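User: I would like to learn how to read the features of a model like this one. Please take them one at a time, with the general idea before the case.

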Amino acid sequence: MEPSTMILKTKGQFEKETEKIKQFLSSASSFLFWRKHFANHNFKFEPDKFSWDYWQTIPFFEKSDFLKCGLDSRLKDATIGKTGNIYNFILRMTSGTSGMTEPITALRPVNGRVFPDGEVRTVWVHDAYVVGLLSVLLHIDANRIKDTNKYQMLLINPYRIGASAAKTINDFGTDSISAFPAVLARLSSLMLEHKISAPDSLKKVIMSGDFLQNLQHALIERVFKNPKMELGYGLGEFGKIGNPCGLLAKKYGSNAFHLIQHHRLIELADIDENGYGEVVATSFDNPATCLIRYRTGDMARVVREKCECGKKITLILAGRKNFDYIKCAGAMIVRQELERVLTSLKDYIEEWRAETQEVLDGVRIVGEIALKIKVTSGYNALANPKEFIRTEVEKNLFLTPTRTLANLISSGAFLPLKIERVDSFPEAKKPLLLRKLD
C-alpha cells in the first residue's frame, strides 16, 4: 500500500541532506518548545535511527500545538546564544482552526530582513491592523540593519479610499504595492469607480496571504496593467514555501508555485484518491523558531514535470482543508455557522450543499451563495417554501462578526441567496458541504 504522506524531494535528494537534517533535529530537540511538543506526543528523537522512513514517524505539528507548547517556551528559547537580541524577532498572530477560541501567536525571526530592489517606497493595502503593524516593524528593522531611513511605507485603508487617494499615492512616489489578493481587487474596483489611475512610479505589485481567484486577477490587471505582479505562497507563522513562475501561471493558473528547497522540506499528507493532500512544511532556518512537520491547513497536489524554467516540482494549491471556512467578497463563510442556521430549518431541509463564488457587478466584485437542498415532507406544507428559507437564512447567517447575509445584500456586497431544490446528492465518504467556485 502506498504511504499517504509524500516528501516532495527524491529519495536521493533527501539522503544527501540526511546528516544536515539529523544535526538540525538534534539541536531543535534541546530547545524547550520542541521538548514539550515531543513529550506531548510520546516521541523522543533518536539520531542513530534517523532515515527516510524514520522522518515520517516524527509527530506532525498542528496549530493547536502552539497553545499546548506555549509562547513562553519560544520566548525562552529565543534568548539562547547569539540570537537573543529582541530586534531579531517579531511576533506574528494568525487565526486558529475551527473550534479554537483564541488566536495563535508565533515567534518569527526577522534578522537580516532587507527589502528586495524595487521595494523602497511601498504602499501597504491590507484590511487587518496586525498586518499594518507588521509592516511598520519590518520597515523599522530594515532601516536599522542598513543604517538608513530610505525604506518608507504608506498604509491605505481599502474601505475608505476615494478620489483624493490618487494624489496621495502619487505624491508618495510609490514603487511597490503589497496587499492581500481580495483587498487589492477591492481597491481596484474603487479606483475604477473613481477613475484613479495607477501611479507612473509603480513598478511592482506583491500579493500574498491568500489564494488569487481568476476574477480578482482580471480586475486587478484592468488597473495595474504595467507593473510586475508577484504572488508568492507562504504563511505568516512559517515563512515562504513557494515562488511564482510566469511560465506556470500560463499553464496552471495563479495558484501554482515552485517549491523553495533551501532550508525547507515540504510534504503532502493524507493524500486522497485524486492526489490532493495537506501541505506540511518544515523549516531549517533556526532551531529556536523553526517549525517541524507543520500542518498548514492548505490542500494541494504536486506535478512532477520539468518546467521551461528548469524547476522539476510544481505545487498547485486547491483551497483550505475541509473547507471549514471560505473568504468571499470581503466576508467569511463558515461551515459551522451555516450548519447552525440550517439545523434550525431541519423540519424542511433533509440535506444540503452550499457553493460560493465571486461575480463581477460592473467594476465591483460581489459575493454569491447558492444553496442546494434536499427537502422533507414539511417543506411542501409551507405556503412559499423557497422564499421562507431564503429569508430565514439571509437574516440569520452571519458573514462578519456583526453583519448578516441580509445586511451585506442591502449594502450591495452580496447578491440574494440562490436556492436550488434537488432530489439527491452523490454518495461520498465525506460530503463536501461547502465549496468555492472560481
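User: Is lysine 204 buried or exposed?

Analyst: Burial is read from relative accessible area, and under 20% counts as buried. In this predicted model, lysine 204 has a relative accessible area of 10% and is therefore buried.

User: With which residue does the side chain of lysine 204 meet in a salt bridge?

Analyst: The criterion is a side-chain nitrogen of Lys or Arg within 4 Å of a carboxyl oxygen of Asp or Glu. The partner of lysine 204 is glutamate 230, at 4.0 Å from N to O. The two residues are 26 apart and link distant parts of the chain, with lysine 204 in strand S7 (residues 204-207) and glutamate 230 in strand S8 (residues 228-231). Glutamate 230 counts as partly exposed because its relative accessibility is 21%.

User: How many salt bridges does a search of the whole structure find?

Analyst: The search finds 21. Some lie within a single helix, including the bridge between arginine 335 and glutamate 339. Their side chains meet at 3.1 Å, N to O. Both belong to helix H12, four residues apart, about one turn of the helix. Glutamate 339 is partly exposed, with 25% relative accessible area.

Helix H13 (residues 385-396) holds another such pair, lysine 395 and glutamate 392, three residues apart, about one turn of the helix. Their salt bridge has an N to O distance of 3.2 Å. Lysine 395, at 44% relative accessibility, is partly exposed.

User: Which residues are linked in a network of salt bridges?

Analyst: Glu62, Asp270, Glu278 and Arg295 are linked in this way.

User: Now the sheets. What is the strand order in the open sheet of four strands?

Analyst: A sheet is read across its strands, from one edge to the other. Here the order is S20-S19-S18-S21, and the pairing is mixed. Strand S20 (418-421) and strand S21 (434-436) are the edges; each has a single partner strand, so one side of each lacks a neighbour in the sheet. From one strand to the next, the twist averages 20°.

User: In what sense do S18 and S21 pair?

Analyst: Strand S18 (residues 349-361) pairs with S21 in the parallel sense, over three bridges. Glutamate 355 stands opposite arginine 435 in S21. Helix H12, the helix with the arginine 335 and glutamate 339 pair, packs on this sheet and touches S18, S19 and S21. The direction of H12 makes about 130° with that of S18. Helix H10 (residues 214-223) lies across S18 and strand S19 (364-375), and runs at about 15° to S18.

User: What is the pairing in the open sheet of eight strands?

Analyst: The pairing is antiparallel, with the strands in the order S1-S12-S13-S14-S15-S11-S10-S9. The edges are strand S1 (6-7) and strand S9 (233-235), each with a single partner strand, so one side of each is left without a neighbour in the sheet. Within the sheet, strand S14 (residues 294-304) and strand S15 (residues 313-320) pair over seven bridges. Arginine 304 stands opposite isoleucine 313 in S15.

User: Which residues of the largest nonpolar core touch the most other members?

Analyst: In soluble globular proteins, nonpolar side chains tend to be buried together. The largest core in this model has 67 residues, and those touching the most other members are Trp34, Trp55, Leu184, Phe224 and Leu315. Helix H9 (residues 181-193) supplies the largest share of the core, five residues. Beyond its neighbours within four places in sequence, phenylalanine 224 is in contact with Ile177, Leu184, Ser188, Met191, Ala198, Leu202, Val205 and Met229. Another core, of 29 residues, lies apart from the largest one and includes Ala354, Leu399, Leu408 and Phe414.

User: Why is cysteine 69 without a bond to cysteine 290?

Analyst: A disulfide requires two cysteine sulfur atoms within 2.5 Å. The closest cysteine sulfur to that of cysteine 69 is in cysteine 290, 11 Å away, which is too far for a bond. Cysteine 69 is buried, at 1% relative accessible area. Cysteine 307 is also in no disulfide, and its nearest cysteine sulfur, that of cysteine 309, is 3.6 Å away. Cysteine 307 is buried, with a relative accessible area of 11%. Over the whole structure, the search finds zero disulfides.

Terms used
Residues numbered from 1 in each chain as written. Predicted model: local features only at pLDDT ≥ 70, side-chain atom pairs only at ≥ 80, totals over all residues. Heavy atoms only, no water. Pairing = 2+ DSSP bridges. Axes fitted to C-alpha atoms, helices over the stretch in contact; angles between N-to-C directions. Contact = heavy atoms within 4.5 Å. Core = buried A, V, L, I, M, F, W, Y, C linked by side-chain atoms within 4.5 Å. Buried < 20%, exposed > 50% of the residue type's maximum accessible area, 1.4 Å probe, protein only.
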